[in-house]
Amino acid sequence: MTERAFQKQLVTYLRQALPPDVLMTHFPAGRSSGGGKAGFIRGAQLKGMGLVPGVPDLLIIHEGRAHWLELKYGKGKASDVQEQCHSALQHAGARIMIVRTIAEAFKALDRWQIP
């Protein structure tokens with residue numbers, strides 16, 4: 001399974017599990033923007049529009065607080081840019097978890113008391 005397939009599977013579960021008052025979204029950053037020249041151009045456009053490099057994969061907003069899930073499949077790990085962004089987000093008051101399985105994602109939601 002690829003990280004992208006893992007994300008699609010997790011989003012399917014979360015769409016069914018999260019209550020209507022919880023917002024979940026994804027930001028088209030990193031490799032999901034595409035490769036080659038077109039990906040480079042799209043990445044430059046997004047950066048110019050304010051996208052911060054290293055933003056985690058999923059944003060979940062519950063009771064006015066930002067919670068981020070960084071998805072890694074298998075042995076994947078956060079890049080230096082991702083770690084810097086995660087640190088800045090935590091400093092700003094956001095919560096972040098790196099998850100590798102659907103079970104880990106639901107544990108993060110439980111830890112954050114998101115129904």
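Guide: Welcome! In this predicted model, a helix is a DSSP run of H or I covering at least four residues, and helices are numbered from the N terminus. With that in hand, look just past H2: Gly50 follows it, with a positive phi near 110 degrees.

Visitor: How do you know that the length of H2 agrees with what its residues should span?

Guide: The expected span is 1.5 Å times one less than the number of residues. H2 has 13 residues (36-48), so it should span 18 Å, and its end C-alpha atoms are indeed 18 Å apart.

Visitor: Where is confidence lowest, and where is it highest?

Guide: H2 has the lowest, with a mean of 80, while strand E2 (residues 58-62) has the highest, at 98. For the protein overall, the mean pLDDT is 91, on a scale from 0 to 100, and 95% of residues reach 70 or more. Where pLDDT is low, the predicted coordinates should not be read in detail.

Visitor: What makes E1 and E2 a pair?

Guide: Two strands pair if DSSP finds at least two bridges between them. E1 and E2 have 4 bridges, in the antiparallel sense, so they meet that condition. Within this pairing, Leu23 stands opposite Ile61 in E2.

Visitor: And what makes E2 and E3 a pair?

Guide: The cut-off is again at least two bridges, and E2 and E3 (residues 65-71) have 5, also antiparallel. Across from Ile60 you will find His67 in E3, and across from Leu59, Trp68. The hairpin of E2 and E3 has 2 residues between the strands, and Glu63 takes a positive phi there, near 50 degrees.

Visitor: Why are E1 and E4 said to stand at the edges?

Guide: The open sheet has 4 strands in the order E1-E2-E3-E4, with mixed pairing. E1 (23-26) and E4 (95-99) each have a single partner strand, so one side of each lacks a neighbour in the sheet. From one strand to the next, the twist averages 20 degrees.

Visitor: Which strands does helix H3 touch?

Guide: H3 (residues 80-91) packs on the sheet against E3 and E4, and its direction makes about 145 degrees with that of E4. Helix H4 (residues 102-111) lies across E2, E3 and E4, at about 160 degrees to E4.

Visitor: Why is His86 called buried?

Guide: Buried means under 20% relative accessible area. His86 has 7%, so the term applies. This residue of H3 touches Gly54, Pro56, Glu70, Ala78, Ile96 and Ile98, leaving aside residues up to four places away in sequence.

Visitor: What makes E2 "mostly covered"?

Guide: With that same cut-off of under 20%, 4 of the 5 residues in E2 count as buried.

Visitor: Which residues have the most contacts inside the largest nonpolar core?

Guide: Leu10, Leu14 and Leu69 do, in a core of 17 residues. H1 (3-17), E2, E3 and H4 are the elements that give two or more residues to this core. Leu14 touches Met24, Leu58, Ile60, Leu69, Phe106 and Leu109, again leaving aside residues up to four places away in sequence. Apart from the largest core lies another, of 7 residues, including Val55, Trp68, Leu89 and Ile96.

Key: Residues numbered from 1 in each chain as written. Predicted model: local features only at pLDDT ≥ 70, side-chain atom pairs only at ≥ 80, totals over all residues. Heavy atoms only, no water. pLDDT = per-residue confidence, 0-100. Axes fitted to C-alpha atoms, helices over the stretch in contact; angles between N-to-C directions. Contact = heavy atoms within 4.5 Å. Core = buried A, V, L, I, M, F, W, Y, C linked by side-chain atoms within 4.5 Å. Buried < 20%, exposed > 50% of the residue type's maximum accessible area, 1.4 Å probe, protein only.
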